[in-house]
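Work through the exercises below with the model open. Try each task before reading its solution.

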Amino acid sequence: PVIRREDYVPPAWLIPEVALDFKLGLDATHVTARLSVMRNTAGKGGTTLRLNGDQIAPLAVRVDGHDVNDWRLDGPDLLVELSGERHVVEIETALNPAANSQLMGLYASNGMLCTQCEAEGFRRITFFPDRPDVLSTYTVRMSGNKAEFPILLANGNCMASGPGENGMHWAEWHDPWPKPGYLFALVAGDLVANHATFETMSGRKVDLNIWVRPGDEARTEHAMQSLINSMKWDEKVFGREYDLDLFNIVAVSDFNMGAMENKGLNVFNTRYVLADPETATDADYDAVEGVIGHEYFHNWSGNRVTCRDWFQLSLKEGFTVLRDQMFSADMGSAAVKRIEDVRVLRGAQFSEDSGPLAHPIRPDTYQEISNFYTTTIYNKGAEVIRMMRTMAGEERFRKGTDLYFERHDGEAATCEDFIKAMEDGTGLDLTQFRLWYSQAGTPQVAVELTQQGEQAVLALSQTVPPTPGQPDKQPMPIPLRLALFDRHTGRHGGEKLIVLDKERDTFTFDGFPAPPVLSINRGFSAPVAIQYPRATDDLVFLAAHDDDPFARYEALQQLVVQHLVAAISGTLDERAREAGRAAISQALGSVIEDPALDDLMRGELMILPSEAYLAEQFPVSDPGAVHKERQALKRWLGAHLAEPLKALHDRALAVPYSRDAAARGKRKIKTQALVLIAAGDPAEGGRRAFAQYNAADNMTDRQGALKVLVDLEGPEREQALADFRARYGQNALVVDKWFSLQAGALVPNVLDHIAVLAQRPDFTITNPNRVRALYMTATTNPNAFHHESGAGYRMIGDLIRRLDPINAQTAARFVPALGRWRRVEPGRAGIMREELERIAALPGLSRDVREQVSKSLG
Ligand code: ARG
Ligand code: ZN
């Protein structure tokens, strides 16, 4: 069944108040829901109240205190006939949380009970109008065995609690802020808290708790500091203050996604809470900070202002991603953060946008909403709002967001509401800009710079490629920050912002007696692909001189991309190969040695474009050829730059651990240097990696060294892997790393290794983190997923079929990798397609997997 955005109708009934009563048990929980229902004057009447359900049955239905018979089931839903304007409807359901392997609704994880209700999990707990535009105030009472569930949490504030009979106890929670069912949460279990307090700008004292399993407390300091920083930052930058006396975060080890912004009770995947230097890398620390910020920022962009329907998902997700990106940029290096964000966008979102699952940031249809928690909705959604910010400027942007929050506080809003508030608050005319919400596909912008007398003439043209259901596109407004460099002085006369809003346009710039060097889409001001084949010299110039850090990175990337694209296409003769390599090693050499660069940025610049991004440059590509040429370049650079790389590695090696930027920078260049050294000289690289592994006083260095060792042959590989496992075998998140490192190894027989790993008792198919560690990593490994035998595709097909009945949401996440088949050379493509067909033929497939597979087969 296809759900359409245009079919939206306001709810027929509202539920101003909800009272829930839970009798908790791991394998038997009894729920009584008491709904005060009220006919919606804005709705289209009717006497039937439709309450959604999913895998639940009503044990009893009462209306105004009486058992009634005039209800029936319509598929999963419960329909109740009501005669008046207001009633109290009571429904009882029974759940088995321990058997809930989908991890949606109420489920058991590690002996505790927790919930995940977004998007449509609340209907797995009780019958309810499970749509985000029905807002209710919740009172939750729960009781359970005190020894089993010493801690009882729900949204809002704890109003009362006390002992019961036979070792039971109870608690009652009340959340004063009306919310949709998807923001409901409950947690019960044996938990301990890291506690702190925060005073808001208006003087409200807020209790902060991060709840974890006993033994994990020591690893919550960074999460707590990140939370406090987020609260302060949202006050300062967006004027948003927290609105309850209590803020709880709970870490659970079985979780489908990253985390969830339930009002006053955020539930997190442990991997975005727990961190200490011994077990978490610098990247893990950043991810904790980013996700803690993200979920906290949802309190305004998501909870106080929520979504009218799920087509508006990017209203809260795109905006909140932008907010968390800005936050992380302010907490650390803004330049590095921008590069990382663009890398994610181009690696994942661009390929989504050019494949069978492409959709606009505000989709028009869906079958299963869980499939739309995508990099397009999240990351492209953030880029679209970022463009408004670029065009409006910081100050006017803030006026726009203030107006949005003020206008829609307490409401379920739409993307259109956001755009309108932006127009009214900033003064921008966003009429044409709305196309960014309705059109899918990554705009391609062709660039040409010519010289007319003393004028530089910039000719730009755009095409937005066709995507499923959208064969013809209109030109969109594309804001491009640019600068024109004098190639002799190395300077430019100030950055300009132009907006390309036609199919083609020219822009002229006076005062250039000699042709300047163009730096365009600086800071990645628009999420587009720039097509500008350019002279190697210009790229080398920008890689050395551009004062926009992103543009500098981009010039270096482009230099490598142009070279590798030619090499992969086989259009490179020996002379051109030599010249290309020389230019790249010159540019990389100056990056290694430039004293003006900080090490974090240096490390960033040393990362070569990913195979996924390189493959994106071709309509159809051979993953084997992409891998081979990228490896060849790495080997050559490693050998050619061996001396400066070794000097860099030596310089960084002995710096003691600290969380400050300088020490982090050293750790970053340490492993980047190691990667290249090992490519050029495996023996030397292996020695250095083993030494780095053994000397490491932190996970960043240790994992970095092991990542290099696993690609090499020799006893050090097995020795280090065994040591890693023995050292951290008790820590599930590090065991995930251990699985992941092996699944990502560039060894010829990696598929056999993965098969062996999958047979281990500690490979638990029910735990999404473990499944992703082994198999999601495998999909990014050219020797595994793209193995020419096709065995990698079969392995992922088998996984999807096996996982689907257990956890459909997680299973569906593996389909897009196979869905790229049209972009892969015919031999492999045939096998990928076959796997999709084998999945499609399976009876009883989940809606999640069915939608992704049928769209992929197209
Ligand atoms: N709203 C959450 C976040 O982005 C994501 C939850 C989605 N969960 C799901 N099961 N689809 O922070
Ligand atoms: Zn979110």
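Helices (H or I, at least four residues) and strands (E, at least two) are DSSP runs, numbered from the N terminus. The model is predicted: local features need pLDDT of at least 70, side-chain atom pairs count only at pLDDT 80 or more, and totals for chains, interfaces and linings use all residues. Residues are numbered from 1 along each chain as its sequence is written, while chains are lettered from A and ligands numbered from 1 in the order in which they are written.

**Exercise 1. Describe the secondary structure of the two annotated domains, residues 223-433 and residues 441-532.**

Step 1. Take the records. An unreviewed UniProt entry gives residues 223-433 as "domain: Peptidase M1 membrane alanine aminopeptidase". For residues 441-532, UniProt (unreviewed entry) lists "domain: Peptidase M1 alanyl aminopeptidase Ig-like fold". UniProt positions are in the numbering used here, feature names are shortened, and annotations may be inferred rather than shown by experiment.

Step 2. Read off the content. Residues 223-433 are 55% helix and 9% strand, with end C-alpha atoms 37 Å apart. Residues 441-532 are 0% helix and 48% strand, and their end C-alpha atoms lie 19 Å apart.

**Exercise 2. Find the strands that pair with strand 9.**

Step 1. Set the criterion. Two strands pair if DSSP finds at least two bridges between them.

Step 2. Apply it to strand 3 (residues 29-39). Strand 3 runs antiparallel to strand 9 (residues 86-95), and 10 bridges join them. In this pairing, S36 sits opposite V88.

Step 3. Turn to strand 5 (residues 60-63). Four bridges link strand 5 to strand 9, again in the antiparallel sense. Here V63 faces V89 of strand 9.

**Exercise 3. Is strand 14 buried or in the open?**

Step 1. Fix the cut-offs. A residue is buried if 20 or more other C-beta atoms lie within 10 Å of its own, exposed if 12 or fewer, and partly exposed in between; C-beta atoms are placed from the backbone.

Step 2. Count. Strand 14 (residues 157-163) has seven residues and the number buried is zero, so strand 14 lies largely in the open.

Step 3. Find the partner. Six bridges pair strand 14 with strand 15 (residues 168-179) in the antiparallel sense. C158 stands across from W173 of strand 15. Four residues lie between the strands of this hairpin, and N166 has a positive phi near 55 degrees.

**Exercise 4. Which residues come nearest to ligand 1?**

Step 1. Define near: the C-beta atom, placed from the backbone, lies within 6 Å of the molecule.

Step 2. List. There are 14 residues around ligand 1, and E118, N256, M257, S370 and Y373 come nearest. Strand 20 (259-260) and helix 2 (282-297) are the elements that give two or more residues to this shell.

Step 3. Sort by class. The shell has five nonpolar, five polar and four charged residues. Ala, Val, Leu, Ile, Met, Phe, Trp, Tyr, Cys and Pro count as nonpolar, Asp, Glu, Lys and Arg as charged, and the others, Gly among them, as polar.

**Exercise 5. Why does R702 count as buried?**

Step 1. Locate R702: it is in helix 18 (residues 699-709).

Step 2. Count neighbours. R702 counts as buried because it has 25 C-beta neighbours inside 10 Å.

Step 3. Look along the chain. E278 is 424 residues from R702 in sequence, yet their C-alpha atoms are separated by 9.1 Å.
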